[in-house]
Amino acid sequence: MINDSPERAVVLCIGGHDPSGGAGIMADAETIAAHGGFAVSAISALTDQDTCGVRAIHAQPAEQLEAQCRTLIADSAPRAIKVGLLGSSRAVRVISTLADEHPELPLVLDPVLASGTGQRVADAAVLNQLRHNLIARSTLVTPNLPEARTLTDLQDPARCAERLLGSGARWVLVTGTHDTTEHVTNRLYGRSGARHQWDWPRLPGEYHGSGCTLASAIAVRLARGESMVEAVAAAQEYTWNALDQAFRTGRCQLTPNRFYAQSHP
């Protein structure tokens with residue numbers, strides 16, 4: 001899992017800042033570092049949250065977000081883009097424009113519509129821009145099942161994925177973390193008709209930042225040149241282990257141990 005190569009794959013992470021450190025940009029940076037990559041970041045929103053939930057979201061000016069992204073792309077030459085919480089419809093339009101300008105960069109979209117404890121974090125305008133702009137420009141979209149249903153107004157995971165692929169996404173990974181089944185079933189769908197499924201033992205805890213961890217792990221692996229199926233498979237294993245060895249940093253949800261491998265040489 002750890003890559004000791006002197007050439008570090010740079011990933012541009014665009015998302016919200018979670019002051020608790022469990023999710024958002026800090027989660028992205030930890031995950032990418034654990035894979036031997038390096039994260040550069042543009043903050044789309046500041047949040048008032050902890051391990052128990054989100055109280056407020058403060059979207060950052062879209063022109064500031066755009067300027068920072070352009071600076072980082074010019075200076076650091078990232079090999080992939082990972083997008084999380086965006087906070088405003090204008091921010092979604094900014095990222096859509098950047099994606100058009102840099103089609104060579106894989107774009108992994110984690111469509112954050114609600115916090116891990118269920119608070120809604122995307123309004124109707126953001127949802128509309130995701131549906132009609134950013135999904136079409138995404139290499140991979142990684143919704144959990146409730147997010148997939150919200151994005152498509154459908155219920156069945158396969159039908160949700162078909163609609164997202166029809167909207168322009170090249171790949172869709174629908175995760176089963178919010179089901180009540182014994183196993184977590186994650187399903188990967190490709191525009192070419194490819195279908196892959198993985199089943200993972202459901203862990204007993206509740207975790208803060210699991211979606212950020214998975215999407216960032218995929219992004220850094222794509223930045224290193226792995227195929228989509230390889231990246232998704234390995235990122236799931238990494239995320240499951242990080243959750244299995246999670247620890248408590250607050251009163252509510254557990255924080256993934258993204259550097260678990262350092263404790264087990």
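**Exercise 1. Strand S4 and its neighbours**

Task: Determine which residue in S4 stands opposite Val11, and describe how S4 pairs with S1 and with S5.

Solution.

Step 1. Val11 stands opposite Ala80 of strand S4. The model examined here is a predicted one.

Step 2. Strand S1 (residues 10-17) runs parallel to S4, and four bridges join the two.

Step 3. S4 also pairs in the parallel sense with strand S5 (residues 107-109), over three bridges. Within that pairing, Val83 has Leu109 in S5 as its bridge partner.

Step 4. Between S4 and S5 the chain passes through helix H3 (residues 89-101), and this β-α-β crossover is right-handed.

Step 5. Consider next the two faces of S4 (residues 80-83). Ala80 and Lys82 lie on one side, Ile81 and Val83 on the other, and all are buried, which leaves both faces covered.

**Exercise 2. The whole sheet**

Task: State the order of the nine strands in the sheet and identify which strands stand at the edges.

Solution.

Step 1. Strands of a sheet pair through backbone hydrogen bonds, in either a parallel or an antiparallel sense.

Step 2. Here nine strands form an open sheet in the order S3-S2-S1-S4-S5-S6-S7-S8-S9, with mixed pairing.

Step 3. Strand S3 (53-59) and strand S9 (195-201) are at the edges; each has a single partner strand, so one side of each lacks a neighbour in the sheet.

Step 4. One parallel pairing is that of S1 with S2, over eight bridges; in S2, Ala45 is the bridge partner of Gly16.

Step 5. An antiparallel pairing joins strand S8 (residues 183-190) to S9 over seven bridges. There, Tyr189 has Arg195 in S9 as its bridge partner. The hairpin of S8 and S9 has four residues between the strands, and in this hairpin Gly193 takes a positive phi near 105°.

**Exercise 3. Positive phi values outside glycine**

Task: Where in the structure are Ala77 and Asp153, and is each of them buried or exposed?

Solution.

Step 1. Most residues other than glycine have a negative phi. Ala77, with phi near 45°, and Asp153, with a positive phi of about 60°, therefore deserve attention.

Step 2. Ala77 lies in the loop between helix H2 (62-76) and S4. Its relative accessibility is 53%, so Ala77 counts as exposed.

Step 3. Asp153 lies in the loop between helix H5 (145-152) and helix H6 (157-166). Asp153 is exposed as well, at a relative accessible area of 60%.

**Exercise 4. The nonpolar cores**

Task: Which residues touch the most other members of the largest nonpolar core, and which helix gives the most to this core?

Solution.

Step 1. The largest nonpolar core has 42 residues, of which Ile14, Val83, Ile95 and Leu134 touch the most other members.

Step 2. H3 gives the most to this core, namely six residues.

Step 3. Leaving aside residues up to four places away in sequence, the contacts of Ile14 include Ile25, Leu65, Ile81, Val83 and Ile95.

Step 4. A second, separate core of 30 residues includes Trp171, Val184, Trp200 and Ala215.

**Exercise 5. Links between distant parts of the sequence**

Task: Which cysteines does the disulfide join, and which tyrosines form the aromatic pair?

Solution.

Step 1. A disulfide is a covalent bond between the sulfur atoms of two cysteines. One is found in the whole structure: Cys52 is joined to Cys252, with an S to S distance of 2.0 Å.

Step 2. The torsion about the S-S bond of Cys52 and Cys252 is about 80°, so this disulfide is right-handed.

Step 3. Cys52 is in the loop between S2 and S3, while Cys252 is in the segment after H8; the pair therefore ties together parts 200 residues apart in sequence.

Step 4. Cys52 counts as partly exposed at 23% relative accessibility, and Cys252 counts as partly exposed at 33%. By contrast, Cys212 is in no disulfide, and the nearest cysteine sulfur, that of Cys13, is 9.8 Å away. Cys212 counts as buried at 12% relative accessibility.

Step 5. The count of aromatic pairs is one. Tyr238 and Tyr260 form this tilted pair, at 5.7 Å centre to centre and with 35° between the planes. Tyr238 lies in helix H8 and Tyr260 in the segment after H8, so the pair ties together parts 22 residues apart in sequence. Both Tyr238 and Tyr260 are buried.

Notes
Residues numbered from 1 in each chain as written. Predicted model: local features only at pLDDT ≥ 70, side-chain atom pairs only at ≥ 80, totals over all residues. Heavy atoms only, no water. Buried < 20%, exposed > 50% of the residue type's maximum accessible area, 1.4 Å probe, protein only. Pairing = 2+ DSSP bridges. Right-handed = clockwise from strand over helix to strand, strands pointing away. Phe/Tyr/Trp six-rings, centres within 6.5 Å; stacked < 30°, edge-to-face > 60°. Core = buried A, V, L, I, M, F, W, Y, C linked by side-chain atoms within 4.5 Å. Contact = heavy atoms within 4.5 Å. Disulfide = S-S within 2.5 Å.
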